[in-house]
Amino acid sequence: MAYRRTPAVQDRLAASRARIVDAAASLVSEHGYAGCSISAVAARADMGTGTVYRHFASKGELFAEVFRIACTREVDAVRAAHTDESAESVVASMLVFAHRALRAPTMAYALLVEPVDPLVEAERLAFRRAFRDSLAESIDVAIDAGSIPKQDSAVTAACIVGAIAEALVMPLAHHVSSDAVTDSLATFVRRAIGIKQEMS
């Protein structure tokens, strides 16, 4: 007869796995991907490295889950910031992303550009696609409302996502957060989606 885990055992395993993921996430936010190891995660989670490996076969597998959870949270925050049909709502959602990244620069740098394991890189690409798709949906809403000109929303969104990621690299690497950075990003997004601005 095949062994079946009891609900109590399942709950205990799930709690242990969650503790590992939380420990790994906290280490990434403090030290980045390169500064983390399975032994450090085990120590932070107050368990043996063997226990970590029973849940995750490799560092890449563990941190792929960490990135998946973190990226989902960021995309959800961007979606929640798009509250109406206006073009400025598109800008606001992008500013939410930028502000959140600048408030957690080490984690954001890891999510966006730090060299990582191929498994983690796959999650990074999925994040960029989800971010692009969310932005494209917001742009389409603004187009349908007549707030901005007709355009290929997917291409515009991809360009904005790429540009914002590139623009944030140095501020995140040097932990520099300023209104000048976010103001410039807002101006760029407005121009990219076709919001008419008065010349100053």
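The lining of the largest pocket in this predicted model comprises nine nonpolar and four charged residues, with no polar residue among them. In total 13 residues line this pocket, and those nearest its centre are Glu74, Arg100, Ala104, Met107 and Leu111. The space in the largest pocket comes to about 190 Å³. Three helices, namely H4 (59-81), H5 (87-103) and H6 (105-112), each contribute at least two residues to the lining of the largest pocket.

These helices belong to a protein chain whose secondary structure consists of nine helices and zero strands, so that the pattern read along the sequence is α-α-α-α-α-α-α-α-α. Taken along the principal axes, the box filled by the C-alpha atoms of the protein chain is roughly 70 × 40 × 25 Å.

Two packed helices are described by the angle between their axes and by the distance between those axes. The table gives both values for three helix pairs, each of which includes a helix that supplies residues to the pocket lining.

| Helix pair | Angle between axes | Distance between axes |
|---|---|---|
| H1 and H4 | about 75 degrees | 9 Å |
| H5 and H6 | about 115 degrees | 5 Å |
| H6 and H8 | about 140 degrees | 9 Å |

For H5 and H6, which pack at an angle of about 115 degrees, the contact is formed by Phe97, Ala101, Leu102 and Arg103 on the H5 side and by Pro105, Ala108 and Leu112 on the H6 side. By class, the residues of the contact of H5 with H6 are six nonpolar, no polar and one charged.

H6 also packs against helix H8 (residues 153-173), at an angle of about 140 degrees. Angles from 65 to 115 degrees count as roughly perpendicular and those over 145 as roughly antiparallel, and H6 and H8 are therefore oblique to each other. Their crossing is left-handed. From H6, the residues Pro105, Ala108, Tyr109 and Leu112 meet Ala165, Val169, Leu172 and Ala173 of H8, and the residues of this contact are eight nonpolar, with no polar and no charged residue. Pro105, Ala108 and Leu112 of H6 thus appear both in the contact with H5 and in the contact with H8.

Helix H1 (residues 7-31) packs against H4 with an angle of about 75 degrees, and H1 and H4 are therefore roughly perpendicular to each other. Arg17, Ile20, Val21, Ala24, Ala25 and Val28 in H1 meet Leu62, Phe63, Glu65, Val66 and Ile69 in H4. The residues of the contact of H1 with H4 divide by class into nine nonpolar and two charged, with no polar residue.

Beyond the helix contacts, Glu85 is placed in the loop between H4 and H5. Although 55 residues separate Glu85 from Asp140 in sequence, their C-alpha atoms are 9.1 Å apart in space. When neighbours within four places in sequence are left aside, the residues in contact with Glu85 are Val141, Ala142, Ala145 and Ser147.

Definitions and conventions. Residues are numbered from 1 along each chain as its sequence is written. This is a predicted model: local features need pLDDT of at least 70, side-chain atom pairs count only at pLDDT 80 or more; totals for chains, interfaces and linings use all residues. Side-chain values use heavy atoms; hydrogens and water are left out. On a 1 Å grid over the protein atoms alone, a cavity is a set of points where a 1.4 Å probe fits but cannot get out, and a pocket is an open set with protein on both sides within 12 Å along at least five of seven lines; lining residues have an atom within 4 Å of a point. Grid points are joined across faces, edges and corners, and a volume is the space filled by probe spheres set on the points. Helices (H or I, at least four residues) and strands (E, at least two) are DSSP runs, numbered from the N terminus. Ala, Val, Leu, Ile, Met, Phe, Trp, Tyr, Cys and Pro count as nonpolar, Asp, Glu, Lys and Arg as charged, and the others, Gly among them, as polar. Contact means heavy atoms within 4.5 Å. Axes are lines fitted to C-alpha atoms, for helices over the stretch in contact, and angles run from 0 to 180 degrees between N-to-C directions. Angles under 35 degrees count as roughly parallel, over 145 as roughly antiparallel, 65 to 115 as roughly perpendicular and the rest as oblique. A crossing is left-handed if the near helix is turned anticlockwise from the far one by less than a right angle, and right-handed if clockwise.
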